[in-house]
Amino acid sequence: MHGIVLKSTGKWYQVLLEDQQVVQASIRGKLRIEGLKTTNPIAAGDRVILDDQAEILQGREEYYTIRSIEDRHNYIVRKSTNLSKQMQILAANIDRAYLVVTLKSPVTQVAFIDRFLVAAESFRIPTTLLFNKVDLFTDEENAQFHYLKSVYEKAGYPCYPISAHEASTVEFLQNEIKDHQVMISGNSGVGKTTLVNSLDASLDLRTGEISKAHEQGKHTTTFAEMHPLASGGFIIDTPGIRAFGLVDLEKEHYAHYFPEMRELLGECRFNNCQHINEPHCAVKAAVENEDIAAHRYHTYLQLMHEDDSDPHRRSDY
Ligand code: GDP
Ligand code: ZN
């Protein structure tokens, strides 16, 4: 019997069955899992196979047994604590991330967008940028939107202007999410809660403000939860996580996570080119003739020069 994991509490899982029933399940026996050191074997978004029959626990509660997990096409992780090397899988099988950004009230920094996209690339999650609050745009912001749209679409990220209060936006997003498992991310104040509530008023998402304690790196145990939308598809809610961090990325891989740089990598003179000071560097040439946007390259340089202990690199950024 197949099911989709909606929520993990560490020991118990809430699983949606094909007949739309939501049941409690637990793991018994040995699960075959890819060679990843994690604190939790199963996360929201996982596809699992369960025994057909439920058992009765303590004379009342029915529970099912998870026998195996289907291969994941991606997953997001964070370090389970700052000291340990163990990873916590937050969610699996994310078809797309929707990053909500705003050009005003509040301003989303382009460096934040670029870092988010690097992390999403590293997790192999396709991303769409939603520029919210277009109803507030002046001509200047409109021009800025068109510029950013040209930069990000060239790199492979679809960009849409939206307004969370408009029916056309809601309809557009319901259509996008239908048949998929998606994440909606973005800084505080950009309109995530408004959007999600207008997609499905019965949802009560915690779209994740990070508490002060959290920001200082004290992890409380939080588990992602996946919510079915009445109009189809699922929204994965990762409480306390506005974006995801750059977990254990090697510096020499950063250029691969900028799609517009990735396609030039074979053209640098040196095959170990870091695209910083080397002569005959195809990336620097592309920056000079504006094929690569200056701000994207700037973020790349910042990442390359960053100290690994920088809090921005932590997974709960
Ligand atoms: P969150 O922190 O990302 O969940 O943001 P909220 O959903 O709480 O929205 C923050 C503020 O922005 C609220 O006052 C919303 O009413 C407002 N807001 C959200 N979307 C829009 C929009 O499209 N246009 C305008 N003008 N305001 C919006
Ligand atoms: Zn180079």
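Let's start with helix H3, residues 167–177, where Thr169, Val170, Leu173 and Ile177 are buried. Looking down the axis of H3, you'll find those buried residues within an arc of 95°, so they line one face of the helix. Bear in mind that this is a predicted model.

What sits on the other side of H3? The face turned away from the buried side carries Ala167, Glu171 and Asn175, which are exposed. As for the buried residues, their cover includes strand E9 (96–101), E10, strand E12 (181–185), helix H4 (192–199) and strand E14 (234–237). Just past the helix, the chain goes on to Asp179, and its phi is positive, near 70°.

E10 takes us to the next stop. Strand E10 (127–131) and helix H2 (139–154) are joined by a loop, and Asn132 has its place there. Is Asn132 buried or exposed? Its relative accessibility is 2%, and buried means under 20%, so Asn132 counts as buried.

So what does a polar side chain find to talk to in there? For Asn132, the partners are backbone atoms: a polar atom of its side chain lies 3.1 Å from the backbone nitrogen of Ala164, and the side chain also reaches the backbone oxygen of Val190 at 2.8 Å. If you set aside neighbours within four places in sequence, the contacts of Asn132 include Val100 and Val101, along with Phe137, Ile162 and Ser163. Gly191 is another residue in contact with Asn132, as is Thr102.

Now for ligand 1. Which residues come nearest to ligand 1? There are 16 residues around it, and Asp135, Gly189, Lys192, Thr193 and Thr194 come nearest. By class, this shell has three nonpolar, nine polar and four charged residues.

The polar contacts are worth a look one by one. On the nitrogen side, Asp135 uses its side chain: one of its N or O atoms is 2.8 Å from a nitrogen atom of ligand 1. Lys192 works through its backbone instead, with an N or O atom 2.8 Å from an oxygen atom of the ligand. Thr193 brings in its side chain, where an N or O atom is 2.4 Å from an oxygen atom of ligand 1. On its own, ligand 1 has 580 Å² of accessible area, and the protein covers 73% of that.

Key. Residues are numbered from 1 along each chain as its sequence is written. Chains are lettered from A and ligands numbered from 1 in the order in which they are written. This is a predicted model: local features need pLDDT of at least 70, side-chain atom pairs count only at pLDDT 80 or more; totals for chains, interfaces and linings use all residues. Side-chain values use heavy atoms; hydrogens and water are left out. A residue is near a molecule or strand if one of its heavy atoms lies within 4 Å of it. A polar contact is a pair of N or O atoms within 3.5 Å; within protein, one must be able to donate a hydrogen and the other to accept it, and residues adjacent in sequence count only if both atoms are side-chain atoms. Accessible areas come from the Shrake-Rupley method with a 1.4 Å probe; for residues, only the protein chains shown count as cover. Ala, Val, Leu, Ile, Met, Phe, Trp, Tyr, Cys and Pro count as nonpolar, Asp, Glu, Lys and Arg as charged, and the others, Gly among them, as polar. Helices (H or I, at least four residues) and strands (E, at least two) are DSSP runs, numbered from the N terminus. Buried means under 20% relative accessible area, exposed over 50%, partly exposed in between (1.4 Å probe, protein chains only). Contact means heavy atoms within 4.5 Å. The arc is that of the directions from the helix axis to the C-beta atoms.
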